[in-house]
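Visitor: I should like to learn how the terms used for a protein model are justified. May we look at one together?

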Amino acid sequence: MTRDDVLGILGSNDDYVSGQMISEQLGLSRAAVNLAVRSLRDEGYEIESKTRLGYRLLSSPDALSYGELAQYIDRDRLKTVTVLDHVDSTNNKLKTMEHEGAPSGSIVIADYQESGKGRRGRSFVSPKGSGIYLSYLLRPECTADEISQLTAFTAVAVSRSLEKACGIEPQIKWVNDILVNGRKLVGILTELSVESESGSITGCVIGIGINVNLDLEDFPQDLRSKATSLSLVKNGPVKRAPVIKELISELDKLEDNFPAAKEEYLDYYRMHCPIPGKKINVYKIIGKDPVTAEALEITDDFSLKVSYENGTVEDLRSGEVTIRGTEGYI
Ligand code: BTN
């Protein structure tokens, strides 16, 4: 789209860009460039124009569009990024694309999800314009045993991206919730496709939901004591595009790093997971009462080693835990 292309050029230049240069670069008439600039201004982009110098982008609204992302992310990388205004679930959309043969690294991002999915059949609150709802397709070469570790690798990737983009220090609640100050900031839902004949994994859709500019009232009543958002943590609005840039850059590293760079991811995970050493509730089966246990350690395959009150020790590969006697989400 012309407007997105013009925005991409203005956003990736700190200095003035002449109308002539934009029209040559995009193969557009000067009139088309002027029209695109006018329509961007109407949408809230502050664009200065100076005779003989050209245009300069001064500020952008927190919109989610291809043009907005092109200010931060390489255009080649954006070729396999689908940006949608709304969708039922970015995971559903990407799963369809996966079955149609989309390459590893394909991404779907939406400004709003009508029925965002959480783990264990829950829904994920996805209001318009205030979150990052992103799904990433990975087609890893790994064994069925290793694939269960992908969700922990992803938690590390997301946590690192938030450190870089926002200067915060997240914690990882086993298995893959990202918390700040004991409240949930990010949810991750990984869905696998398996070829039934061979049992081999054909693709993994990693869905990431980040609460960016949500106020506590935007969450349902029962989540208000457990959830948080980047704007609440940072005490002010946070732009989504720069966060998406860091997120994509960390997720892209998984192509090479998963599962080969396990030691590095394991070190980070262990340093950021507050569960070991705590008395916990273990929710193994949906709808069943929890079992009490002590969390011992994160094992070499990212399982949580727990010791039950009857003395049995078990390595949990999946499930959900909470620390006993604490408030918030932890
Ligand atoms: C959870 O915390 O239970 C997991 C939440 C995962 C939410 C993300 S938002 C993007 C992607 N699309 C979905 O429908 N769900 C995931």
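Visitor: How far apart do the C-alpha centres of domain 2 and domain 3 lie?

Guide: In this predicted model, the C-alpha centres of domain 2 and domain 3 are 25 Å apart. The domain assignment places domain 2 at residues 66-272 and domain 3 at residues 279-325, with domain 1 at residues 2-59.

Visitor: What makes domain 2 and domain 3 a pair in contact, and how many residues does each give?

Guide: Contact requires heavy atoms within 4.5 Å. Domain 2 contributes 16 residues to the contact, and domain 3 contributes 18 residues. The area buried between domain 2 and domain 3 is about 1,500 Å², and 56% of it lies on carbon and sulfur atoms. On the side of domain 2, the residues that lose the most area to domain 3 are Arg120, Trp174 and Arg270, which together account for 50% of what that side buries.

Visitor: Why is the pair Arg122 and Glu320 called a salt bridge?

Guide: The term requires a side-chain nitrogen of Lys or Arg within 4 Å of a carboxyl oxygen of Asp or Glu. For Arg122 and Glu320 the closest N and O atoms are 2.7 Å apart, so the pair meets the cut-off of 4 Å. The count of salt bridges between domain 2 and domain 3 is four. Eight residue pairs are in polar contact between domain 2 and domain 3.

Visitor: Which helices supply at least two residues each to the side of domain 2 that touches domain 3?

Guide: They are α8 (150-166) and α11 (262-272). The largest share of that side, five residues, comes from α11. By kind, the residues of the side of domain 2 that touches domain 3 are seven nonpolar, two polar and seven charged.

Visitor: What does the salt bridge between Asp252 and Arg77 tie together?

Guide: The N to O distance between the side chains of Asp252 and Arg77 is 2.8 Å. Asp252 belongs to helix α10 (residues 240-257) and Arg77 to helix α5 (residues 75-78), so this pair ties together parts that are 175 residues apart in sequence. The whole structure holds 26 salt bridges.

Visitor: How do you know that Ser89 is in polar contact with the ligand?

Guide: The cut-off for a pair of N or O atoms is 3.5 Å. An N or O atom in the side chain of Ser89 is 2.8 Å from an oxygen atom of the ligand, so the pair qualifies as a polar contact. For Thr90, an N or O atom in the side chain is 3.0 Å from a nitrogen atom of the ligand. Arg119 places a backbone N or O atom 2.7 Å from an oxygen atom of the ligand. The ligand is surrounded by 19 residues, and the closest are Ser89, Gln113, Lys117, Arg119 and Lys184.

Visitor: What is omega for the cis peptide bond that joins Trp174 and Val175?

Guide: Omega is about 10 degrees for the bond between Trp174 and Val175. Val175 sits in the loop between β6 (171-173) and β7 (177-180). A cis peptide bond also runs from Phe258 to Pro259, with omega near -5 degrees, and Pro259 is in the loop between α10 and α11.

Visitor: What is notable about phi of Arg52?

Guide: Phi of Arg52 is near 70 degrees, a positive value in a residue other than glycine. Most residues other than glycine have a negative phi, and most peptide bonds are trans. Arg52 is located in the loop between β1 (46-50) and β2 (54-59).

How values were computed. Residues numbered from 1 in each chain as written. Predicted model: local features only at pLDDT ≥ 70, side-chain atom pairs only at ≥ 80, totals over all residues. Heavy atoms only, no water. Domains from an automatic or database assignment. Buried area = accessible area lost by both parts, 1.4 Å probe. Polar contact = N/O pair within 3.5 Å; in protein donor to acceptor, adjacent residues only side chain to side chain. Helix = DSSP H or I, 4+ residues; strand = E, 2+ residues; numbered from the N terminus. Nonpolar A, V, L, I, M, F, W, Y, C, P; charged D, E, K, R; others polar. Near = heavy atom within 4 Å.
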